[in-house]
Amino acid sequence: MTVFHARQAARRAVATALAAGATALAAVAAPGIGVAHAQSSQTQPSQSQPALSDVASLGKLIFNDPSLSASGRMSCASCHSPAHAYGPPNGLAAQLGGSDLRSQGSRAVPTLGYVLNRTPVWTHVQAASVFERLTDADSPPAGGFAWDGRYNTLHDQALFPLFNPNEMANRDTADVAAKLERAPYAARFKQLFGETIFVSKDAAVHQAMQAVERFELEEPGFHSYTSKFDAYLDGKAEFTASEMRGKKLFDDPNGGNCASCHIDQVGANGAHPLFTDFQFEALGVPRNPELRANRDPKYYDKGLCGPVRTDVSSNKNYCGLFKTPTLRNVATRGVFFHNGRFHTLRDALRFYVERDTNPEKWYPKDRQGHVVKFDDLPVAERVNVDIVDEPLTRKPGGKPAWNARDIDDVIAFLKTLDDGYLPSNPPTAGARFVKVSAPIKRQ
Ligand code: HEC
Ligand code: HEC
C-alpha cells in the first residue's frame, strides 16, 4: 500500500465525521443559514421561507445579469441554470464563453445546489511525521470551492468567471464597475453600499460579489430538499422495489460502495445528506477529446496539483484528485465528471463498475495494442488513481460489481434525488405524491 492509499483507507472515518458535523465555512460567514436549511423540516411545505435580505436580492439580480459579461449575453445563470438545479443547461462537456461566446472552458459546470452553504474550508492536515503519514492519522484533503477546492469563499470564487477569458471575459475591475454603474439596479446598489461606492472600482466589484455570495447562501432554491429521497427520510414517501434495491446496491460496501464517498446517511443533527464527503479523489476518468485544451497532448488537468490551482502543485500525491460532487439532482445532468467525459448517467455508472474489469471499453489503446488506463494523467502520476476502494479494485475479465439491471435500479434510486417531488396532501400515512417539474416555490 502506498502512502496515498493508506490515506484513502482512512477516508471513511474522516468522511463520516465531516458529514456529521464539520463547520461549513459558508455557515460561519452566514450564521444560522446552513443549519436552518440542513434541518429535515425543510421538506414541510407549510413552513414559510424567510425572504431574501436586501443585499441577497441585489445579488440575485447580479447573478442573472448578462450585461456583466464581455459578450453581453452571459451571466452566472447561463452556466448555473436555475431551471437545471443550478447546473449546466445543456450536455456540453464545457460551456462556451468569451466575448464571442466561442471560447471553450476546460471543465464541466458543477451544480451549485446544496453544497454552497455546507462546503467546509479547504483542509489538508499535514502529517507531523512519516509515521503519522503512514497511519490513519493523516486525513485526505477536503473542502473548498471548485473541482480543485481552490477558493475558500464564494465572493472570491465569483471573481474567477467574471474575468476568465473563456467565461464572462471582463478586462478588469474598472470594466465590471462601469457595467454595474450602467445596470438597472445601480441606484439600489448605491442605496445599499453608499452613494460613493463607485469611486473605488475595486470596492464596487467586491461588494457586488459579496451580494452574489449572500444570494447563493440565502436563496432557498439552492437547497430546497423537495426530493422523493427527502420525503422518504421524513417518512412521507415509500421507495419502489427498484429504488430500494438501487439504494442497497449504492450502499453495499462490497459492491457499489458509492455511499462511502457520496454520503447518504442522515447527519448527527438530523441534517439530510448531501451525497458528498467533500473529499478529493482520483478516479482515473478517461481523457475527453471534446475538450479543446486536450488537443495539446502535453496538457493535463490534474485537479489539486494544477494547472488551474497553483498553491499545492508541489505535492505529487495530489495529481489527478478532484472534489467529490454532490449527487443531488444528478439525474437531471447531461454531463458528468470534472472533464465532462460522460453524457449519460448510465455511462457514468458503467464506468465505475467496468473501469477495471473491461478497461478496453473506456480507454484508448497504444500502438502496441495495450489499453492505456488512466490516460488523462501523465504516466508517473497514474499511481494516484484509486484502486483500493470498491468497486475500483477488480481485475480485467473479472465480474463487474453491477449488471445492467443493477444499474437500472441505481439510476431509479438516484432519480429520487431530483428536487420537485412533493406530497399533494398533508403528510399523513398513505398520502399520494405528485411529481412536479420545477422546484416548489413557497412563500
Ligand atoms: C461559462 C460558464 C460559467 C459561468 C458564466 C459561471 N460559472 Fe461558475 N462554474 C463554472 C465551472 C466550469 C465551474 C468549475 C470550475 C473549476 O472547477 O475550476 C464553476 C464553479 C462554480 C462554483 C463552485 C461550486 C462548488 O461546488 O465548488 C461556484 C460557487 C460558481 N461557479 C458560481 C458562479 C458565479 C457566482 C458566477 C457568476 C459571477 C459563475 N459561477 C459563472 C462555469 C461557469
Ligand atoms: C472513493 C470515493 C468515491 C466513490 C467510492 C464513488 N465516487 Fe462518485 N465521485 C467521486 C469523485 C471524486 C467524483 C469526481 C471525479 C472527477 O470528476 O474526476 C465522483 C463523481 C461522480 C459522478 C459524476 C457527478 C457529476 O456531477 O459530474 C457520479 C454520477 C458518481 N460519482 C456516482 C457514483 C456512484 C454511483 C458510485 C458507486 C458505484 C460512486 N460514485 C462511488 C468519488 C467517489
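Reader: Is Ala169 buried or exposed?
Author: Ala169 is buried, because 21 other C-beta atoms lie within 10 Å of its own. A residue counts as buried if 20 or more other C-beta atoms lie within 10 Å of its own, as exposed if 12 or fewer do, and as partly exposed in between, with the C-beta atoms placed from the backbone. This is a predicted model, in which local features need pLDDT of at least 70 and side-chain atom pairs count only at pLDDT 80 or more, while totals for chains, interfaces and linings use all residues. Residues are numbered from 1 along each chain as its sequence is written, and chains are lettered from A and ligands numbered from 1 in the order in which they are written.

Reader: Where is Ala169 placed, and what is its phi?
Author: Ala169 sits in the loop between helix 8 and helix 9, where helices (H or I, at least four residues) and strands (E, at least two) are DSSP runs numbered from the N terminus. Its phi is near 55°, a positive value in a residue other than glycine. Most residues other than glycine have a negative phi.

Reader: Which residue in the loop between helix 7 and helix 8 also needs a look?
Author: Ala146 lies in that loop, with helix 7 covering residues 130–134, and it has a positive phi of about 85° although it is not a glycine. Ala146 counts as partly exposed because it has 18 C-beta neighbours inside 10 Å.

Reader: What about ligand 1, which residues come nearest?
Author: Ala146 turns up again here, since Cys76, Cys79, Ala146, Trp147 and Pro161 come nearest of the 28 residues around ligand 1, a residue being near a molecule if its C-beta atom, placed from the backbone, lies within 6 Å of it. The elements that give two or more residues to this shell are helix 6 (76–79) and helix 8 (154–163), and helix 8 supplies the largest share, 5 residues.

Reader: How many of the residues in that shell are nonpolar?
Author: The shell around ligand 1 has 19 nonpolar residues, alongside 6 polar and 3 charged. In this scheme Ala, Val, Leu, Ile, Met, Phe, Trp, Tyr, Cys and Pro count as nonpolar, Asp, Glu, Lys and Arg as charged, and the others, Gly among them, as polar.

Reader: And ligand 2, what comes nearest there?
Author: Of the 26 residues around ligand 2, the nearest are Cys258, Cys261, Glu281, Phe337 and His338. Helix 14 (residues 345–354) gives the most to this shell, with 4 residues, and by class the shell divides into 16 nonpolar, 6 polar and 4 charged residues.

Reader: Back to helix 8, how does it cross helix 11?
Author: The axes of helix 8 and helix 11 come within 8 Å and cross at roughly 115°, where axes are lines fitted to C-alpha atoms, for helices over the stretch in contact, and angles run from 0 to 180 degrees between N-to-C directions. That makes helix 8 roughly perpendicular to helix 11, since angles of 65 to 115 degrees count as roughly perpendicular, those under 35 as roughly parallel, those over 145 as roughly antiparallel and the rest as oblique.

Reader: Which residues meet there?
Author: Leu154, His155, Ala158 and Leu159 in helix 8 meet Met209, Gln210, Val212, Glu213 and Glu216 in helix 11, two residues being in contact if their C-beta atoms, placed from the backbone, lie within 7 Å. By class, this contact of helix 8 with helix 11 has 5 nonpolar, 2 polar and 2 charged residues.

Reader: What angle do helix 9 and helix 11 make?
Author: The axes of helix 9 (residues 173–182) and helix 11 (residues 201–218) cross at roughly 65° and come within 9 Å. That makes helix 9 roughly perpendicular to helix 11, and the contact between helix 9 and helix 11 has 7 nonpolar, 1 polar and 2 charged residues.

Reader: Changing topic, which residues does a cis peptide bond join?
Author: One cis peptide bond joins Gly306 and Pro307, with omega about 5°, and Pro307 is placed in the loop between strand 3 (280–281) and strand 4 (322–323). The bond from Glu390 to Pro391 is cis as well, with omega near 5°, and Pro391 lies in the loop between helix 14 and helix 15 (404–415). Most peptide bonds are trans.

Reader: How many helices and strands does the chain have?
Author: The chain has 15 helices and 6 strands, and buried residues make up 45% of its 443 residues.
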